[in-house]
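User: Please take a close look at one chain of this complex, going from its backbone to its core and its confidence. I would like the answer as one connected account, with each term explained where it is used.

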Amino acid sequence: MLCQECNKRPATLHFTKIVNGEKTEFHICESCAREKGEMIPGTAGGFSIHNLLSGLLDFDPAGKSGSAGTPPAKALQCEECGMTYSQFSKIGRFGCSSCYKYFDSRLDPLFKRVHGSTSHVGKVPARAGGRIKVKRQIADLKRELQESITQEEFEEAAQIRDQIRELEKGIAQE
Amino acid sequence: MPNLRFTEKALSDWMRSDAADSEIVISSRVRIARNLQHVPFPMLASNEQSEEVLNKLSEVLQYDDVHAFGDFHTLDLIDIDDLDKRVLVEKHLISPSLANESRNGAVILSEDESVSIMINEEDHLRIQCLYPGFQVKEAWEKASAIDDAFEAHVDYAFDDRRGYLTSCPTNVGTGVRASVMMHLPALVMTQQIGRILTAVSQVGLTVRGIYGEGSEAMGNLFQISNQITLGQTEQEVIENLHGVVLQMIGHERTARERLITDSRLRITDRVMRSYGILSHAAVVDSKEAAQRLSDVRLGVDLGLLDGLSITVMNELNVMTQPGFLQKTFGEDMRTDERDIYRAQLIRDTINAAKQS
């Protein structure tokens with residue numbers, strides 16, 4: 001049987017994909033398979049995102065070397081829903097919102113790899129949002145403060161510092 | 001008794017309208033994932049907990065600010081038989097995982113089917129807006145407004161640093177997945193598609209087949225969506241997708257113009273052959289149907305075929321799916337039988353459209 005992609009080389013890989021009871025067969029050669037890697041069902045393309053994630057999550061250099069400071073990943077457990085980190089790394093899904101808190105020490109590298117970032121900058125729930133918006137404002141002002149100090153604009157820096165103090169006082173009073 | 005109106009016809013009301021760039025962009029969709037505070041995510045929630053979530057979120061519908069978005073109908077998945085569930089999946093109104101795996105799962109549908117709110121899917125709440133043509137910004141605005149209305153009545157799981165907390169780490173942050181379904185036959189025919197899709201994936205977007213994760217691109221249909229939900233604002237995500245899709249529309253248009261100027265005869269022949277097969281064949285499998293329908297759709301867009309409309313083509317895309325075929329012909333059929341009914345349905349639809 002010839003490869004259905006190139007019609008030149010003999011087909012060496014055979015796949016059967018069944019979706020909703022509909023059967024589709026694929027017969028392709030290795031070189032086309034490599035080229036079209038993503039398109040082949042059952043491999044990369046048919047691979048669930050959770051399988052892929054668990055590959056990333058199992059990566060645990062600190063745990064293996066037993067370095068001090070961060071707790072070994074395997075020992076982490078969510079006290080709210082009972083999910084352990086190793087369960088999480090197998091299924092690639094959190095059990096509840098508190099898992100984010102209990103696994104926090106392990107999450108930055110994962111988020112960095114999946115999203116290229118570790119912090120949210122988007123929408124904030126309106127009711128809980130007031131405090132969060134002020135916090136963001138403070139963070140922005142602190143950056144500005146640093147900037148004006150570097151530029152030796154001390155008068156402006158003093159103004160920004162007062163603004164920050166005012167906002168921080170507001171948060172503390174809540 | 002479940003409201004079966006939603007599974008009895010192939011087209012949602014919204015599909016019947018003429019929409020922006022609809023000769024290339026079939027539909028635009030935005031989904032927002034949210035969870036309630038202090039309740040385990042659906043996968044771990046007990047039966048009582050997921051029932052509580054369902055009750056709580058259904059209650060929100062009674063408030064005027066949510067009701068302002070139109071009349072909603074709640075369908076409990078437990079009341080719906082498997083075939084109807086499959087039809088809802090084929091219409092993109094629910095996800096396969098809500099149909100198959102959810103406990104106390106439900107879907108709340110707006111009258112025109114442009115809004116579908118899934119409860120107890122992977123997350124407690126998934127608000128989806130599905131619009132015809134290229135309207136990703138409009139879909140985002142509507143979904144976000146509905147999100148605000150829900151948020152006024154329930155406490156979402158939210159964290160200062162991580163944003164909206166979701167069951168899967170790939171949705172955390174904004175919880176927003178925006179996607180656009182495109183028909184790109186000219187880019188496929190001129191072999192530019194590979195290069196373009198590689199470029200798309202380099203700017204944080206991903207391309208999938210039309211039924212989501214793991215499915216193939218059938219009939220030259222591609223779904224482009226954002227991959228990143230953390231570290232970008234919703235506006236950035238929507239703008240980024242919007243900008244890339246706009247460019248792809250441009251490339252597809254140029255490729256179509258080139259096809260029609262450089263190889264008019266060849267392209268006409270291809271469209272007409274596919275049209276001939278669809279209007280006369282006795283057996284058509286799903287793969288062939290997808291490819292031939294793509295050719296005919298292109299023919300309609302290029303003005304090479306009279307009498308058929310994009311609406312009819314949209315309808316055929318949905319109606320030739322397995323669930324719909326069984327729904328129409330009322331039988332539990334084997335694959336080979338399905339191919340016969342599919343051919344019949346396409347023949348009848350095309351002939352009826354031609355005569356009207």
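Analyst: Helices (H or I, at least four residues) and strands (E, at least two) are DSSP runs, numbered from the N terminus. This is a predicted model, in which local features need pLDDT of at least 70 and side-chain atom pairs 80 or more, while totals for chains, interfaces and linings use all residues. Residues are numbered from 1 along each chain as written, chains are lettered from A and ligands numbered from 1 in the order written, and side-chain values use heavy atoms, leaving out hydrogens and water.

The chain taken here is B, and its backbone offers a place to begin. B:His38 lies in the loop that runs between strand S1 (25–34) and helix H2 (47–60) of chain B, and this histidine has a positive phi of about 60° although it is not a glycine. Most residues other than glycine have a negative phi. B:His38 counts as exposed because its relative accessibility is 65%, where exposed means over 50%, buried under 20% and partly exposed in between (1.4 Å probe, protein chains only). A parallel case occurs in the partner chain: A:Glu152 has a positive phi near 60° without being a glycine, sits in the loop between helix H7 (126–150) and helix H8 (154–173) of chain A, and, at 59% relative accessibility, counts as exposed.

From the surface the account turns to the interior. A nonpolar core is a set of buried Ala, Val, Leu, Ile, Met, Phe, Trp, Tyr and Cys residues joined through side-chain atoms within 4.5 Å. The largest such core has 88 residues, and those that touch the most other members are B:Val30, B:Ile117, B:Ile127, B:Phe150, B:Met182, B:Met248 and B:Leu308. Helix H9 of chain B, residues 234–262, gives the most to this core, contributing nine residues. A second core, separate from the largest one, has 19 residues and includes A:Phe88 and A:Phe103 together with B:Leu165 and B:Val172, so this core draws on both chains.

B:Val30 shows how the packing of the largest core looks around one of its members. Once the neighbours within four places in sequence are left aside, B:Val30 is in contact (heavy atoms within 4.5 Å) with a set of residues that includes B:Ile127, B:Val136, B:Ala139, B:Trp140, B:Val176 and B:Ile238. B:Gln128 and B:Arg177 also belong to this contact list.

Helix H10 of chain B (residues 264–280) provides another position to examine, since it holds B:Arg270. This arginine counts as partly exposed because its relative accessibility is 32%. Apart from neighbours within four places in sequence, B:Arg270 is in contact with B:Met189, B:Gln291 and B:Asp295. The C-alpha atoms of B:Arg270 and B:Gly299 are separated by 9.0 Å, although the two residues are 29 apart along the chain.

How far the predictor trusts this picture is given by pLDDT, its confidence in each residue from 0 to 100. Chain B has a mean pLDDT of 89, with 95% of its residues at 70 or more. Over residues 211–216 of chain B, however, the pLDDT is below 50, even though this stretch has 17 contacts in the model beyond near neighbours in sequence. For the complex as a whole, the predictor gives an ipTM of 0.85 and a pTM of 0.79.
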